[in-house]
Amino acid sequence: MWRAYRAGGPRAWALPGAVAATAAWAAYLAGQFTSFAPWLAPAVVVLTAAALALLLLARPGGRRAGGRLALGGLGAALAALLLAPSAWAVQVFAPSYSTSVMGAVGPSGTGRGFGAARFGRMAWAGGATSRQVARSGASGVARAGTAGRMGGFGGAASGGALTPAQQRLLAYTRAHDGSAAYVFATTSWSTASPYILAAGAKVLPIGGFSGRVPSPTENRFRHLVDSGEVRYVLLGGGRGRGVGAVPGGAAQGVSGDGTAAAQITAWVQAGCTKVPASAYGGSAATAGSPALSRRAAMTTVTGQTLYLCEPGT
């Protein structure tokens, strides 16, 4: 478009037209969130107006045609187009986004057109979506936000930290892992992610992010156990296979699904030793059990079983 603009003729209008259309869309999106960088939409409009004015004055064949004006217009156009997406993207460094496991970004605050409490956060990252807000109103947002903070994608606590129960489990496996390369392995990325992201723990998510990657294979995993690189395996408590699964769906490593994760799960359950939950301060009761209050059930590592796999298993 820049070359067409410099060449002159009817095609020269493609550049100003594209700049105006793209900047208008950016200003519209930025204007939907009045509590997020309120200066953003006006700044985009001002930069766009300056860019169009300079490009118009410097157009080939015009009375004030000139290279410096054209370059100034190009610079203002680039600034107008990059300002809004840059402002959104840099929010990943803001402390308020530390609870987003997947690093989702975007403006905070209520949007005029979208109605989401936090537009940049996915439902599986612990935030409420605009559809949830529309269906259940403010009380629905509060419930969704609470569930996300207490459990969420990977079950991290508020602020992205581990829950007390997760901290106790991690401390136990670290204290007893010997020379193992991993503190434990698990067949669910949603189970592994809080320990990796919040504590920097070396956790092996069998099956990768989707749960269906054949790595490691069952034979390779047995070798990891025999060589002492893996001692503990945490099973259960997953939130489905990767990003395509719905919360509450089938857990990863379901016996019989043919994946490497399922084969390893069956092998672990058949040959490894269950670690009593009391050994690491957990509870043998499952989530929702009468033995636990509602609050305790939300904050305890429930529905999970820790196994000890010794060499030669």
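User: In this predicted model, which residue of E3 does Ala185 stand opposite?

Analyst: Strand E1 covers residues 184-186, and E3 covers residues 232-235. The two strands run parallel and are joined by two bridges. Across from Ala185, the residue in E3 is Val233.

User: Which residue of E5 stands opposite Leu235?

Analyst: E3 also pairs with strand E5 (residues 305-308), in the antiparallel sense and over four bridges. In this pairing, Leu235 stands opposite Thr305.

User: Which residues cover the two faces of strand E3?

Analyst: The side chains of E3 are split between two sides, and the four residues named here are all buried. On one side are Tyr232 and Leu234. On the other side are Val233 and Leu235.

User: Which elements give two or more residues to the largest nonpolar core?

Analyst: The largest nonpolar core has 18 residues, and among those that touch the most other members are Phe184, Tyr232 and Leu306. Two or more residues of this core come from each of helix H6 (164-176), helix H7 (189-199), E3 and E5.

User: Leaving aside its neighbours within four places in sequence, which residues is Tyr232 in contact with?

Analyst: Tyr232 lies in E3 and is buried. Its contacts beyond those neighbours include Tyr172, Thr173, His176 and Asp177. They also include Val183, Phe184, Ala185 and Val275. The list is completed by Leu306, Tyr307 and Leu308.

User: How are the rings of Phe221 and Trp267 arranged: stacked, tilted or edge-to-face?

Analyst: There are nine aromatic pairs in the model. The ring centres of Phe221 and Trp267 are 6.0 Å apart and the planes stand at 85°, and an angle over 60 degrees puts a pair in the edge-to-face class, so this pair is edge-to-face.

User: How many residues apart are Phe221 and Trp267?

Analyst: Both residues are buried, and both belong to a second, separate core of 16 residues. Phe221 sits in helix H8 (residues 218-226) and Trp267 in helix H9 (residues 260-271). The pair links distant parts of the chain, at a separation of 46 residues.

User: Is Thr259 buried or exposed?

Analyst: Thr259 is found in the loop between E3 and H9. Its relative accessibility is 6%, and the cut-off for burial is under 20%, so Thr259 counts as buried.

User: What distance separates the C-alpha atoms of Thr259 and Arg212?

Analyst: Leaving aside neighbours within four places in sequence, Thr259 is in contact with Gly211 and Arg212. Thr259 and Arg212 are 47 residues apart along the chain. Their C-alpha atoms are separated by 5.9 Å.

How values were computed: Residues are numbered from 1 along each chain as its sequence is written. This is a predicted model: local features need pLDDT of at least 70, side-chain atom pairs count only at pLDDT 80 or more; totals for chains, interfaces and linings use all residues. Side-chain values use heavy atoms; hydrogens and water are left out. Rings of Phe, Tyr and Trp (its six-membered ring) pair if their centres lie within 6.5 Å; planes under 30 degrees apart count as stacked, over 60 as edge-to-face and the rest as tilted. Buried means under 20% relative accessible area, exposed over 50%, partly exposed in between (1.4 Å probe, protein chains only). Two strands pair if DSSP finds at least two bridges between them. A nonpolar core is a set of buried Ala, Val, Leu, Ile, Met, Phe, Trp, Tyr and Cys residues joined through side-chain atoms within 4.5 Å. Contact means heavy atoms within 4.5 Å.
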